[in-house]
Protein chains: 2
Amino acid sequence: MQLSNSSQYAIRILAYMTDKKDSPLINATELAETLFIPYKFLTKIMTDLVKVDLVESIRGREGGFKLKKKSSDIMVGDILDVFNDSIKDEQCVLGIGFCNGLCKCALHDQWMEPKLLLQKMFRESSLEDIAGRGCKI
Amino acid sequence: MQLSNSSQYAIRILAYMTDKKDSPLINATELAETLFIPYKFLTKIMTDLVKVDLVESIRGREGGFKLKKKSSDIMVGDILDVFNDSIKDEQCVLGIGFCNGLCKCALHDQWMEPKLLLQKMFRESSLEDIAGRGCKI
DNA sequence: TGTTAATTCTACCTTTAAGTAGTAATTAAA
DNA sequence: TTTAATTACTACTTAAAGGTAGAATTAACA
Ligand code: SF4
Ligand code: SF4
């Protein structure tokens, strides 16, 4: 019951980039060192984020990364989608699948409530919302 | 954001055993075949459940398994604990850990709500509650 | 135009979860 | 007392996540 490392890293990376959106470009070394993420793993994640157009990359000397959209337009859910970590409507806590609308266990309705809250939280929280505030996340 | 296979299997196994609590003993072959769980993996899980005293095992010919407590006294949370799959109080969705009570991100308060609901659901739902009802889970 | 600092690509290594195989131990029935 | 049916144990294999290494590519700048 937790997000994957990749998702967690990606959220922290993008939140950090939101904080520093004044600086035109941020490079991988800075991100890795500041956020304590293994450099090589970080670059892999960055490449993923570039591919889905959340981040823009400038290669070569003086290159680096920057957000491709306004931070208020990037939702946490968008990030989770990249790493297949978001909560699907049909997804069950118990992960079973032998059941349907007519035939459901007693946890079904109880699960709906936290599930909807989580989906809403991921869908409606933007980077702008979670970034900065003087705290290092 | 999902329970491990072991937890999911264990829940289904114990729910099935609750349904059949009239029959004195249920053996591994029946469980594996009925619930479509790989036999060898199932026996490993059963051994875990026996070790934590949720299930009692009778070895030898005509042996099998039975619940060691009343099904209304076995909570889903007890099962998740066995496989380290329950939600700790301090556990964060983002899994970060650079933050504390004074310094928290905007998701923090939103996460509290579904977290408490999930914890409550796992803590207060017994096998009795989720089992049977004519459905095969 | 060559050097250098940066991202990107390809391939590999490590760790953990998931699943399998074979055998020993146990016990009731034949 | 043998045999068959059962769980328990030890060790291995496979698949997926997490992480690493090194070379290729790109572009500023001297
Ligand atoms: S009925 Fe129960 S097992 Fe089925 S999807 Fe709903 S919560 Fe999951
Ligand atoms: S402040 Fe944010 S990152 Fe920290 S524990 Fe709370 S939800 Fe997680």
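Which backbone atom of G60(A) lies 3.3 Å from a base oxygen of DNA strand D? A backbone N or O atom of G60(A) takes that position. The model is a predicted one, in which local features need pLDDT of at least 70, side-chain atom pairs count only at pLDDT 80 or more, and totals for chains, interfaces and linings use all residues. Residues are numbered from 1 along each chain as its sequence is written, chains are lettered from A and ligands numbered from 1 in the order in which they are written, and side-chain values use heavy atoms, with hydrogens and water left out.

Chain A offers a starting point. Its secondary structure consists of six helices and two strands, where helices (H or I, at least four residues) and strands (E, at least two) are DSSP runs numbered from the N terminus. Read from the N terminus on, the order of elements is α-α-α-β-β-α-α-α. Of the 137 residues in chain A, 46% are buried; buried means under 20% relative accessible area, exposed over 50%, and partly exposed in between (1.4 Å probe, protein chains only). Among the contacts in chain A with a separation of 6 or more, 66% join residues 24 or more positions apart, a contact being heavy atoms within 4.5 Å.

The surroundings of DNA strand D continue the opening example. There are 25 residues around this strand, and K40(A), K44(A), G60(A), A28(B) and S57(B) come nearest; a residue is near a strand if one of its heavy atoms lies within 4 Å of it. Besides G60(A), the side chain of K44(A) has an N or O atom 2.7 Å from a base oxygen of DNA strand D. R59(A) likewise places a polar side-chain atom 3.1 Å from a base oxygen of DNA strand D. The elements giving two or more residues to the surface near DNA strand D are α1 (5-19) and α3 of chain A, together with α3, β1 (55-58) and β2 (64-67) of chain B. By class, this surface has seven nonpolar, ten polar and eight charged residues; Ala, Val, Leu, Ile, Met, Phe, Trp, Tyr, Cys and Pro count as nonpolar, Asp, Glu, Lys and Arg as charged, and the others, Gly among them, as polar. Of the atoms of DNA strand D within 4 Å of the protein, 62% belong to sugar or phosphate and the rest to bases.

DNA strand C has 24 residues around it, of which A28(A), S57(A), K40(B), F41(B) and K44(B) come nearest. An N or O atom in the side chain of R59(A) is 3.4 Å from a base oxygen of DNA strand C. From chain B, a polar backbone atom of R61(B) lies 3.1 Å from a base oxygen of DNA strand C, while a backbone N or O atom of N5(B) is 3.2 Å from a phosphate oxygen of this strand. Two or more residues of the surface near DNA strand C come from each of α3 (39-51), β1 (55-58) and β2 (64-67) of chain A and from α1 (5-19) and α3 (39-51) of chain B. That surface comprises seven nonpolar, ten polar and seven charged residues.

Within chain B, S6(B) is found in helix α1. S6(B) counts as buried because its relative accessibility is 17%. Not counting residues up to four places away in sequence, S6(B) touches F41(B), I45(B) and F83(B). S86(B) is placed in the loop between α4 (76-82) and α5 of chain B. With 16% relative accessibility, S86(B) also counts as buried. The side chain of S86(B) makes a polar contact with the side chain of D81(B) at 2.7 Å; a polar contact is a pair of N or O atoms within 3.5 Å, and within protein one must be able to donate a hydrogen and the other to accept it, while residues adjacent in sequence count only if both atoms are side-chain atoms.

The two protein chains also meet each other. In this interface, 37 residues of chain B are in contact with 37 residues of chain A. The chains bury about 3,600 Å² between them, 75% of it on carbon and sulfur atoms; buried area is the accessible area (1.4 Å probe) that two parts lose on being put together, summed over both. Six residue pairs are in polar contact across the interface (both at pLDDT 80 or more). On the side of chain B that touches chain A, α1, α5 (107-124) and α6 (127-130) each supply at least two residues. The largest share of that side, nine residues, comes from α5(B).
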